[in-house]
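Colleague: Could you take me through the salt bridges in this one, slowly and with the surroundings included? I'd like a close look at that one part, in plain bench language.

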Amino acid sequence: MTVNLNENGYEALRERTPVIEWYAELQKADGTPVCDRFALASYRTSAAGVTPMTFSLPVTGADCASLPVQIEQVQLFEAASGGDPLSAAESVEPLLLVLAADTGAVVLTITLPAVA
């Protein structure tokens with residue numbers, strides 16, 4: 001799934017931090033976070049200097065605050081906790097985790113704006 005940056009995301013990209021230093025928050029459909037945020041730098045699957053950038057976020061039921069949980073969206077942030085979102089909450093293919101041993105992954109793609 002493709003993540004689209006909001007105005008705050010474009011500002012962060014231009015003035016503060018590169019995408020690779022951001023965090024992804026996996027959420028329920030109502031926007032409730034389901035686990036700790038993922039540091040994108042640890043989960044990059046595309047080559048450096050390539051756009052779009054792709055990331056694969058492995059998640060298990062043991063990572064979640066409570067079970068069962070269905071992950072339905074992802075949102076980007078500049079910090080490991082708190083802060084304003086850098087993207088809208090984007091829908092992902094639903095991932096249902098019932099047991100601590102259940103596993104899955106959320107794959108996301110971030111397309112950077114072209115430089116004029």
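Modeller: Sure, here are the salt bridges, followed by a sheet and a surface patch.

This is a predicted model, so a word on the ground rules: local features need pLDDT of at least 70, side-chain atom pairs count only at pLDDT 80 or more, and totals for chains, interfaces and linings use all residues. Residues are numbered from 1 along each chain as its sequence is written, and side-chain values use heavy atoms, with hydrogens and water left out.

Side chains of opposite charge can pair when their charged atoms come close. A salt bridge here is a side-chain nitrogen of Lys or Arg within 4 Å of a carboxyl oxygen of Asp or Glu. By that rule, you get three salt bridges.

Start with R16. Its bridge to E11 has the closest N and O atoms 3.1 Å apart. R16 also bridges to E78, and there the closest N and O atoms are 3.0 Å apart. That second pair links distant parts of the chain: R16 is in the loop between α1 (7-15) and β2 (23-27), while E78 is in the loop between β5 (69-77) and β6 (90-97), 62 residues apart. Helices (H or I, at least four residues) and strands (E, at least two) are DSSP runs, numbered from the N terminus.

How covered are these side chains? I call a residue buried under 20% relative accessible area, exposed over 50% and partly exposed in between (1.4 Å probe, protein chains only). R16 is partly exposed at 39%, E11 is partly exposed at 30%, and E78 is partly exposed at 25%.

Now the R37 and E25 pair, with the closest N and O atoms 2.9 Å apart. R37 sits in the loop between β2 and β3 (38-39) and E25 in strand β2, so the pair ties together parts that are 12 residues apart in sequence. R37 counts as buried at 16%, and E25 is buried too, at 8%. Back with the other pairs, shared partners join E11, R16 and E78 into one network.

For the surroundings, there's an open sheet of three strands in the order β1-β7-β4, with mixed pairing. β1 (2-3) and β4 (53-60) are at the edges, each with a single partner strand, so one side of each has no neighbour in the sheet. Two strands pair if DSSP finds at least two bridges between them. β4 runs antiparallel to β7 (residues 103-110) over eight bridges; along β7, V59 has G104 as its bridge partner, and F55 stands opposite L108. β1 and β7 pair in the parallel sense over two bridges, with T2 opposite T109.

Finally, L96, V98 and L99 make a nonpolar surface patch of about 280 Å². Patches take residues with over 30% relative accessible area and no salt bridge, joining like charges within 9 Å and nonpolar side chains (Val, Leu, Ile, Met, Phe, Trp, Tyr) within 5 Å; the areas come from the Shrake-Rupley method with a 1.4 Å probe, and for residues only the protein chains shown count as cover. L99 is in the loop between β6 and β7 and is exposed, at 54%.
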